[in-house]
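Visitor: I'm new to this one and would love a close look at a single part. Could you pick one spot in the inside of the fold and walk me outwards from there?

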Amino acid sequence: MANFLYSNTHSIFDYTNGISKSLKLILENLVKLGNSVYVITGCTSFSEEGFQESIKAWDLANKQQFMRQKLGSIRFNQNGVNYSLIRTKFGPSLKLQIWEQEYIYREVIRILDTKEIEVCICWGSHLLEESIFKEAEHRKINICYYLTNPNMKGKDNYLLKNANHIWTDSHATKKLYEDDLKSNFMVMPKFIEEPKEKMEEIKSSSLIKKCLFVNPTLYKGFEAFIRIANYFAKSKEDITFTCV
């Protein structure tokens, strides 16, 4: 069993971001395997919806602890994961204020000083994230970079180039990068989030038959999606296909 630390300015509670959602499920499953997991994260997000969801998580933890803070770090445990959630004033990461970065960095140092962290998980390329990476590197902690998209290829990313291990979500991503990077690659399983409420059995005849495809690009299977849609259109099935 091991002690894991994950830290990023981007909120892990941002359900609109695939990386955050996948990492949250991975970390929860690491706990189920008997590991200890510590997460330090801000509320920044790529979308207003994700930012507001993170603020809700901060407000709920604040209320449950009978605290009346308006800013700062809230520590709580959820599904076995130990969270330090720093409330940020704005959603975009480029608007992260100096004192907010200070809260995140000092919280990382506190965890590294008080817990025997063996693995540090990271992603991104901002200066704060690089500073956290270098602190863990200085302490000779194993570092895993979570790599899930092709946007980093060819870029000068210190974290990505110097990580001990690289976790990715598909064999295609591994194949794309493995000739450029010397780190050990590991394709992580895709975990499915358990439903929060038990759904009652629904008869198939009462289901609304709609299929939604978000971000339709060729490398995400858009061509296959078109073929499937054409097949059902010809069979005159009562199914609606929508692309966003």
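Guide: Let's start at Ile121: setting aside neighbours within four places in sequence, Ile121 is in contact with Phe4, Leu5, Tyr6, Ser7, Leu23, Leu27, Cys144 and Trp167. Contact here means heavy atoms within 4.5 Å. Before we go on, this is a predicted model, where local features need pLDDT of at least 70 and side-chain atom pairs count only at pLDDT 80 or more, while totals for chains, interfaces and linings use all residues. Residues are numbered from 1 along each chain as its sequence is written, and side-chain values use heavy atoms, with hydrogens and water left out.

Ile121 also belongs to a bigger picture: along with Leu5, Tyr145 and Leu147, Ile121 has the most contacts inside the largest nonpolar core, a set of 59 residues. Such a core is made of buried Ala, Val, Leu, Ile, Met, Phe, Trp, Tyr and Cys residues joined through side-chain atoms within 4.5 Å. Helix α1 (residues 18-32) gives the most to this core, with 6 residues. Helices (H or I, at least four residues) and strands (E, at least two) are DSSP runs, numbered from the N terminus. As a general habit, nonpolar side chains in soluble globular proteins tend to be buried together.

Now hop over to Leu27, one of the partners of Ile121. Leu27 sits in helix α1. Leu27 counts as buried because its relative accessibility is 1%; buried means under 20% relative accessible area, exposed over 50%, and partly exposed in between, with a 1.4 Å probe and protein chains only. Beyond its neighbours within four places in sequence, Leu27 is in contact with Tyr6, Ile12, Val37, Val39, Val81 and Ile121.

Val81 leads us to a hairpin, since strand β4 covers residues 81-87. Strand β3 (residues 72-78) runs antiparallel to β4, and 7 bridges join the two. Strands pair if DSSP finds at least two bridges between them. Asn77 has Asn82 in β4 as its bridge partner. The hairpin has 2 residues between its strands, and Asn79 takes a positive phi near 55 degrees.

Finally, step back to the whole protein chain, with its 7 helices and 10 strands. Of its 244 residues, 42% count as buried. Among contacts between residues at least 6 apart in sequence, 60% join residues at least 24 apart.
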